[in-house]
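Reader: Hello! I am new to this structure and would love a close look at a single part of it. Could you pick one spot and walk me through what surrounds it?

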Amino acid sequence: MSSSLVTVEIKVNGIIQPRTVEPRTTLVDFVRDHLGLTGTHVGCEHGTCGACSVLLEGEPVRSCCMFAVQADGMSVTTVEGLAPQRGRLSKIQDAFCEAHAMQCGYCTPGMLVACHALVAETPHPNEAQIRDAIGGNLCRCTGYQQIVDAVLLATQPGYRVKDEPAPMPHAGHTEIPGASNG
């Protein structure tokens with residue numbers, strides 16, 4: 001049986017990606033197979049594990065449960081698009097490393113997507129809000145506490161990504177070596 005092909009234009013990580021796909025192509029297959037963005041993982045293929053989560057118009061969705069044609073004309077952010085620039089980590093990505101919030105790494109992209117969506121809406125979430133936000137994502141390694149700890153760490157006032165330059169001092173502010181200089 002032959003299916004007709006359709007052209008879609010989906011903005012992925014800020015770049016419009018026109019492609020010709022079969023109507024049955026899932027969004028996860030679109031980003032992985034058509035764009036080579038393999039950070040989004042295929043897990044259960046039923047929408048229950050969260051490994052395939054991406055942001056669609058800023059909201060987390062299970063990309064295995066929707067077709068690429070449904071995202072035509074929309075904006076998608078994959079785990080690769082969460083970082084502020086290539087070669088840099090977002091605060092949450094950095095805090096995941098610092099808090100040991102990943103072990104095997106399979107759930108990590110979906111967890112990062114869920115956490116970024118939460119922090120975009122609630123910049124300083126509490127533990128209950130974090131647990132609620134990641135509640136639809138399955139992790140078999142961490143026990144979730146390190147993930148919660150990572151988000152709490154990343155959202156602390158003054159938290160900076162490791163190796164990120166310190167902010168410039170205010171005019172008239174004297175830096176004292178060895179002091180907190182806050």
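**A salt bridge and the helices around it**

Author: Happy to! Let us start with Glu 98, which forms a salt bridge with Lys 162, their closest N and O atoms being 2.7 Å apart. Glu 98 sits in helix H2 while Lys 162 belongs to the segment after H5, so this pair ties together parts that are 64 residues apart in sequence. Please keep in mind that the model is a predicted one. As for its surroundings, Glu 98 has a relative accessible area of 36%, so it is partly exposed: the value falls between the limits of 20% and 50%. Why can such a pair form at all? Side chains of opposite charge can pair when their charged atoms come close.

Now follow the helix that carries Glu 98. Helix H2 covers residues 91-98 and packs with helix H3, residues 108-121, at an angle of about 130°, their axes lying 10 Å apart. H2 and H3 are therefore oblique to each other, as an angle of this kind is over 115 degrees without being over 145. Their crossing is right-handed. On the H2 side, the contact is made by Ile 92, Gln 93 and Phe 96. Helix H3 brings Thr 108, Met 111, Leu 112, Cys 115, His 116 and Val 119 to the contact. Sorted by class, the contact of H2 with H3 has six nonpolar residues, three polar ones and no charged ones.

From H2 we can move on to the helix before Lys 162's segment. Lys 162 lies in the segment after H5, and helix H5 (residues 145-154) has a packing partner in helix H4 (residues 127-134). The angle between H4 and H5 is about 120°, and their axes are 10 Å apart. H4 and H5 are therefore oblique to each other, and their crossing is right-handed. From H4, the contact takes in Glu 127, Ile 130, Arg 131 and Ile 134. From H5 come Gln 145, Ile 147, Val 148, Val 151 and Leu 152. These residues of the contact of H4 with H5 divide into six nonpolar, one polar and two charged.

Two residues on the H4 side deserve a second look. Glu 127 and Arg 131, both part of the contact with H5, also form a salt bridge with each other, the closest N and O atoms being 3.2 Å apart. Because they are four residues apart in helix H4, Glu 127 and Arg 131 are separated by about one helical turn. Glu 127 counts as partly exposed at 34% relative accessibility, and Arg 131 likewise counts as partly exposed at 34%.

How many salt bridges does the structure hold? There are three. Besides the pairs of Glu 98 with Lys 162 and Glu 127 with Arg 131, the side chains of Arg 24 and Glu 22 meet in a salt bridge at 2.7 Å, N to O. Arg 24 is exposed, with a relative accessible area of 62%, whereas Glu 22 counts as partly exposed at 27%.

To come back to where we began: Glu 98 of helix H2 is joined by a salt bridge to Lys 162, and helix H2 also packs with H3.

Definitions and conventions: Residues numbered from 1 in each chain as written. Predicted model: local features only at pLDDT ≥ 70, side-chain atom pairs only at ≥ 80, totals over all residues. Heavy atoms only, no water. Axes fitted to C-alpha atoms, helices over the stretch in contact; angles between N-to-C directions. Parallel < 35°, antiparallel > 145°, perpendicular 65-115°, else oblique. Left-handed = near helix turned anticlockwise from the far one by under 90°. Contact = heavy atoms within 4.5 Å. Nonpolar A, V, L, I, M, F, W, Y, C, P; charged D, E, K, R; others polar. Salt bridge = Lys/Arg side-chain N within 4 Å of Asp/Glu carboxyl O. Buried < 20%, exposed > 50% of the residue type's maximum accessible area, 1.4 Å probe, protein only.
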